[in-house]
Amino acid sequence: MYNEKDELMIGHKINIGRGSSRTKKTYPSQILDILDDDIFVVSGPMYKRGAVLLHKGEIIEVSYMVENKGKYYFKAKVLERYDKRIYTIKLKKISDIKRVQLRNYYRFDIDLPVEKDFTIEINDKKEVITENCRTQNISGGGLKLYSNFHHRIGDRVVCSFYINNHKIVLKGEVVRIEEVDVFYYKYGLGIKFIGLKEKDRDRIIRFIFQKERELKKKGLI
């Protein structure tokens with residue numbers, strides 16, 4: 001379970017969002033002090049070397065990244081603005097911290113073997129069709145799977161694969177189908193995870209961060 005006390009610390013880099021969803025602008029900032037569980041002092045946001053003046057009582061959005069877990073955000077209220085010597089802002093958190101539901105998750109290109117089970121009914125008898133597939137990409141919310149079976153939108157499947165020697169078995173729904181020109185496979189299936197346990201979702205996200213770091217060290221991304 002997420003514990004904000006463990007994640008948001010002095011020195012943490014944050015982004016301050018201002019405005020509506022359509023006109024929102026974000027500015028970099030940093031946690032300078034934590035006065036209470038819900039009260040923080042942050043560096044004043046800047047834009048093109050100029051101060052972005054926040055006003056007392058203004059409601060803003062604070063977002064930040066947590067390594068191996070993803071992006072989080074919460075609403076905050078400006079309690080005070082100090083700009084005599086160093087421009088700083090005192091904020092009060094006024095909402096729960098939530099994890100961003102990006103499309104709502106970053107999709108990472110990787111080739112993983114996946115065993116896909118699909119149950120069909122023939123003459124009132126159920127039969128499970130098992131197929132060995134490969135992923136094109138994976139995220140905390142779903143995956144793109146190469147397959148030779150002609151699915152339909154809305155088909156429910158069970159996918160099994162390993163993440164760092166840990167077997168994950170999950171249910172998914174086919175939400176997108178496209179023909180592909182890939183060796184051994186005819187279709188690319190967009191599969192949305194259904195009822196995925198948060199511990200398994202976190203395991204997948206940590207795996208993606210791990211693989212990204214490995215690629216960066218090799219200079220491949």
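Trainee: What makes a residue count as buried here, and what share of the protein does so?

Mentor: Buried means under 20% relative accessible area, with exposed over 50% and partly exposed in between (1.4 Å probe, protein chains only), and of the 221 residues of the protein, 40% count as buried. This is a predicted model, in which local features need pLDDT of at least 70 and side-chain atom pairs count only at pLDDT 80 or more, while totals for chains, interfaces and linings use all residues. Residues are numbered from 1 along each chain as its sequence is written, and side-chain values use heavy atoms, leaving out hydrogens and water.

Trainee: Which residues of α2 are buried?

Mentor: They are Asp200, Arg201, Asp202, Ile204, Ile205, Phe207, Ile208, Phe209 and Glu212.

Trainee: Why is the span of helix α2 called close to the expected one?

Mentor: The expected span is 1.5 Å times one less than the number of residues; for the 20 residues of α2 (198-217) this gives 28 Å, and the helix reaches 29 Å from its first C-alpha to its last. Helices are DSSP runs of H or I with at least four residues, strands are runs of E with at least two, both numbered from the N terminus, and the protein has 2 helices and 16 strands.

Trainee: How do you know what radius of gyration a compact globule would have?

Mentor: The rule is 2.2 Å times the number of residues to the power 0.38, with the radius taken over C-alpha atoms; for 221 residues it gives a value near 17 Å, but the protein has 22 Å. Along the principal axes, the C-alpha atoms fill a box of roughly 75 × 40 × 35 Å.
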